[in-house]
Amino acid sequence: MAEFRVWAPRPEVVRLDVEGNVHAMTRADDGWWHATIDAPTAARYGFLLDDDPTVLPDPRSARQPDGVHERSQLWDPGAATWTDADWVGRSVEGAVIYELHVGTFTPAGTFAAAIEKLDYLVDLGVDVIELMPVNSFAGSHGWGYDGVLWYSVHEPYGGPDGLVEFVDACHAKGLAVLIDAVFNHLGPSGSYLPRFGPYLSSASNPWGEGINIADADSDEVRRYIIGCALRWMRDFHADGLRLDAVHALVDTTAVHILEELATETEWLAQQLDRPLALIAESDLNDQRLILPRDAGGFGLTAQWDDDIHHAVHTAVSGERQGYYRDFGSLAVLAETLRHGFFHAGTYSSFRRRRHGRPLNTRLVPATRLLAYTCTHDQVGNRALGDRPSQNLAAGQLAIKAALVLGSPYTTMLFMGEEWGASSPFQFFSSHPEPELAQATRDGRRAEFAEHGWNADDIPDPQDPQTFQRSKLDWSELGTGEHARLLQFYRELIALRHNEPDLCDPWLDHLLVDYDEEQRWIVLRRNTLAIACNLGTAPAQVPVNGESVLAWDAPEVGIQAIRLPGHSVAILRCG
């Protein structure tokens, strides 16, 4: 016998369709409908609402073998085969995280194909893999942020069985796994949840209507979100979640949903006897996300820090457009590295208002902030999806890597950056509805036309070649500057893992010197110094010691080191 349940307070009648056979369901006072019937182990099923003959998928579906518009399929997590009973987990604080998109990480674009690259990631020195969203979304390929069935695993990647095999294989290699979860909006195709209940709120965000987490009848919607989050960690053994754009979660209740989620995640971690992490993407520059709850915070593990990205990228690249306009100088870079946020109650010219609040560097360790040279957003949200490696010299890429991996922050790489991948990461989608496909195409072109781009130059998100162009080219690894940069990353990550001075998480211990005119900057980590020359001309940098790792050959003197243009050296200073 199989029990079917669905929360559907809106319709007057809900019926269950299993393999084409329709069954009555019984409604409880709380809006939940129930039915217990004989059903095959992998039965296809869905729900009929009122007199509509369309069979809708289960909002808590585990598997959508034919896509988000079709019937769900039963999947029993208890039947999954796991070999990770000895996995004790690992903390993400101070780790090296590797963000990847399953569909473009390999030519095949599946969990099974990604498993074949795990030895490469271990050799690189990665500790944690962060998967871009793997929940079900419309079409065969996309970024995953337009998910509509949050509990199910995208079938073209390998479905729930493929995710089980991937996480199990990662744990066997000593790699933790984070899953990117999007709870701030629903995608535009296959969004049937509002037909079942009040999942949407009166608030809105840049991606459409917001999720109802604070309006009337929101309790079950909150449970839907938290249940989904816990399920990734319980049923799929994920070691944590990256929470997309939490600033778009409009919660006016006394206990914010992030605090509630953090509390329940800690409880689950205790039950599983291993650490679980919640990492927020936030545009707020607000330490309350990562402050302990007894200090007035929400108690999340960590958060992304775009200020560090902006400060590093603009100082190295010279770009100043859009939200980069307040960044670019070495003074700003030094300020940001020393204090975590640049905008900390200061005026943001891009937002045209004050932004952020100061980070208490004596209370919050730097490991609760993620630093990175690029992410899927910082690449894919550019008009052409061009990577830094397509615009910068290899030495500039090495500088960016040294500034991030040599910092006290938890660090994250975006797939392919370690060898300066030449492939772009463009915005791609595969909406099956022609009108939605055209709206996506037109919206993308209009967005960048406002910033001066020729609309004809903007890649068509719906063109399959946009997706194909975004796949990594693994043949580059052993060639020329790609191989050289990859080796530098390997040695830099090994240094980060093995040098105690690089494990100090407290920003009050970080010293930063710089010369704006000569274009050099030095991060001092106790006995280690990371010296970078961001200029094109050689520079005399007032630091001395034994060179531990360098990009290009520095001349080490008694009182100073001479760095070639666009180069970096890490020195042990007495």
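# A tour of the helix packing

The crossing of H8 and H11 is right-handed. This is a predicted model, and that crossing is the starting point.

**Stop 1: H8 against H11.** Select residues 306-317 for helix H8 and residues 394-405 for helix H11. The two pack at an angle of about 155°, and their axes lie 10 Å apart. Angles over 145 degrees count as roughly antiparallel, so H8 is roughly antiparallel to H11. Now show side chains. From H8, pick Val312, His313 and Val316; they meet Gln396, Ile399, Lys400 and Leu403 of H11. Colour this contact by class: four residues are nonpolar, two are polar and one is charged.

**Stop 2: H8 against H9.** Keep H8 selected and add helix H9, residues 330-339. Here the angle is about 150° and the axes are 9 Å apart. H8 and H9 are therefore roughly antiparallel to each other. Their crossing is left-handed. On the H8 side, select Asp307, Ile308, Ala311, Val312 and Ala315. They meet Leu330, Val332, Leu333, Thr336 and Leu337 in H9. By class, the contact of H8 with H9 holds eight nonpolar residues, one polar and one charged. Pause on Val312: this residue of H8 takes part in the contact with H9 and also in the contact with H11.

**Stop 3: H11 against H14.** Return to H11 and add helix H14, residues 480-498. The packing angle is about 15°, with 11 Å between the axes. Angles under 35 degrees count as roughly parallel, so H11 is roughly parallel to H14. The crossing of this pair is right-handed. From H11, select Ala394, Leu397, Ala398, Ala401, Ala402, Val404 and Leu405. From H14, select Glu481, Leu485, Phe488, Tyr489, Leu492, Ile493 and Arg496. What classes of residue make up the contact of H11 with H14? There are 12 nonpolar residues, no polar ones and two charged ones.

**Stop 4: the annotated site.** Leave the helix pairs and select Asp244 and Glu281. An unreviewed UniProt entry places the feature "active site" at these two positions. They are spread over 38 residues of sequence, yet they cluster in space. The largest C-alpha distance is 5.3 Å. Where does aspartate 244 lie? Look in the loop between strand E15 (240-243) and helix H7 (257-272).

**Stop 5: the domains.** Zoom out and colour the chain by its domain assignment. Domain 1 covers 2-56. Domain 2 comes in two pieces, 99-109 and 126-299. Domain 3 covers 510-572. To finish, place a centre on domain 1 and another on domain 3, using C-alpha atoms; 67 Å separate them.

Note on methods
Residues numbered from 1 in each chain as written. Predicted model: local features only at pLDDT ≥ 70, side-chain atom pairs only at ≥ 80, totals over all residues. Heavy atoms only, no water. Axes fitted to C-alpha atoms, helices over the stretch in contact; angles between N-to-C directions. Helix = DSSP H or I, 4+ residues; strand = E, 2+ residues; numbered from the N terminus. Parallel < 35°, antiparallel > 145°, perpendicular 65-115°, else oblique. Left-handed = near helix turned anticlockwise from the far one by under 90°. Contact = heavy atoms within 4.5 Å. Nonpolar A, V, L, I, M, F, W, Y, C, P; charged D, E, K, R; others polar. Domains from an automatic or database assignment. UniProt positions renumbered as here; feature names shortened; annotations may be inferred.
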